[in-house]
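Q: Please take a close look at one part of this model, the largest pocket, and tell me what lines it. I would also like to see what is found in the nonpolar interior.

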Amino acid sequence: MGTNLFSINKPIFEMPFFLFLCFIGIVSSQLSSDFYSTTCPNALSTIKTGVDSAVSNEARMGASLLRLHFHDCFVQGCDGSVLLNDTSSFTGEQTAAPNVNSLRGFGVIDNIKSQLESLCPGVVSCADILAVAARDSVVALGGQSWTVQLGRRDSTTASLSSANSDLPNPAFNLQQLVDAFSKKDFTTEEMVALSGGHTIGQASCSTFRTRIYNDTNIDSSFATSLQANCPSVGGDRNLAPLDSSPTTFDNAYFQDLQSQKGLLHSDQELFNGGSTDSQVNGYVSNPSSFQTDFASAMVKMSNLGPLTGSSGEIRTNCWKTN
């Protein structure tokens, strides 16, 4: 006869507590910073080498990798779902309005994954690669580091509808931003800190056209300079830097907001006579406070709804399920 919970000779309440936790699946579901210390000891250094090389080759890639992690975590948790390609029988998240023609960095993640599969096959998840690559990208561009908790597993599903509904829109006003982040259990203060991720990278004309032609809370010379490369019609994918030092992770983003030089409408909403103005001022006067707050908020974001234990899988290729 098979053994069941109630026929174990030793009563379950006499089990050592740790074994009991493992038995009911609690310990196995925890993320930890040393998750790969024995199973793939060179995992973190391999990811860092891949990120450093990619960012050295193109500084903008650091922002792209950070964004990839953010767009992963805000849609059904940090599970690598954003990496799944569409197939004839599967619809992923890459064609969602916030993602289409703008997500980048897939090749960098694939290259890192390939190296890790050679080192330790079937061990390191794509979701964990995204989380570590985001941290390493920020550090490569001058930002503060943080400890990434590890042990996420990869989803076998994705959600186009959630990508369309849950990711913040560049046209959002302050309340819509607060609501979008609150839905993921972030405070308004954490939302402002995470918005500072726009201190690196570029955005396409289609995301800021309305702002530079219609908004009134914008420096006029700044708007005019942007209009030269972002016509009222056409040029949708022409790029402009998100702040005045787009390859350095600093507080220039917040300085620009004070000068009404936020590129996106949603950026300038953080400094527009509302409740978050004081936090923007604080990050300008105390740059290190931004770095610390950003790092803390990133730890929280990277812990959104991970798959752990026996949930999900460890993909062999990040762009398709096993």
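A: What follows describes the pocket, then the cores, and ends with one loop residue.

The model is a predicted one, and its largest pocket holds about 1100 Å³ of space. The lining of this pocket is made up of 44 residues, and those nearest the pocket centre are Arg67, His71, Pro98, His198 and Leu264. Two or more lining residues come from each of α3, α7 (174-182), α8 (188-195), β1 (202-204), α9 (205-214), α12 (265-268) and α14 (287-301), and α3 contributes the most, with seven residues. Sorted by class, the lining of the largest pocket consists of 23 nonpolar, 15 polar and six charged residues.

Turning to the interior, the largest nonpolar core comprises 69 residues, within which Ile109, Leu270 and Phe294 have the most contacts; helix α5 (residues 126-140) supplies the largest share of this core, eight residues. Not counting neighbours within four places in sequence, Leu270 is in contact with Leu174, Leu177, Met191, Val192, Ser195, Tyr253, Leu257, Thr276, Asp277 and Val280. Another core, of 13 residues, lies apart from the largest one and includes Ala203, Cys205, Ala223 and Ala240.

Finally, Gln94 sits in the loop that runs between α3 (60-73) and α4 (106-119). The Gln94 side chain reaches two backbone oxygens, that of Val82 at 3.1 Å and that of Leu84 at 3.3 Å. Setting aside residues up to four places away in sequence, Gln94 touches Val82, Leu83, Leu84, Asn85, Asn99, Val100 and Phe106.

Conventions:
Residues numbered from 1 in each chain as written. Predicted model: local features only at pLDDT ≥ 70, side-chain atom pairs only at ≥ 80, totals over all residues. Heavy atoms only, no water. Helix = DSSP H or I, 4+ residues; strand = E, 2+ residues; numbered from the N terminus. Polar contact = N/O pair within 3.5 Å; in protein donor to acceptor, adjacent residues only side chain to side chain. Contact = heavy atoms within 4.5 Å. 1 Å grid on protein atoms, 1.4 Å probe; cavity = no way out; pocket = protein on both sides within 12 Å on 5 of 7 lines; lining within 4 Å. Points joined across faces, edges and corners; volume = space filled by probe spheres on them. Nonpolar A, V, L, I, M, F, W, Y, C, P; charged D, E, K, R; others polar. Core = buried A, V, L, I, M, F, W, Y, C linked by side-chain atoms within 4.5 Å. Buried < 20%, exposed > 50% of the residue type's maximum accessible area, 1.4 Å probe, protein only.
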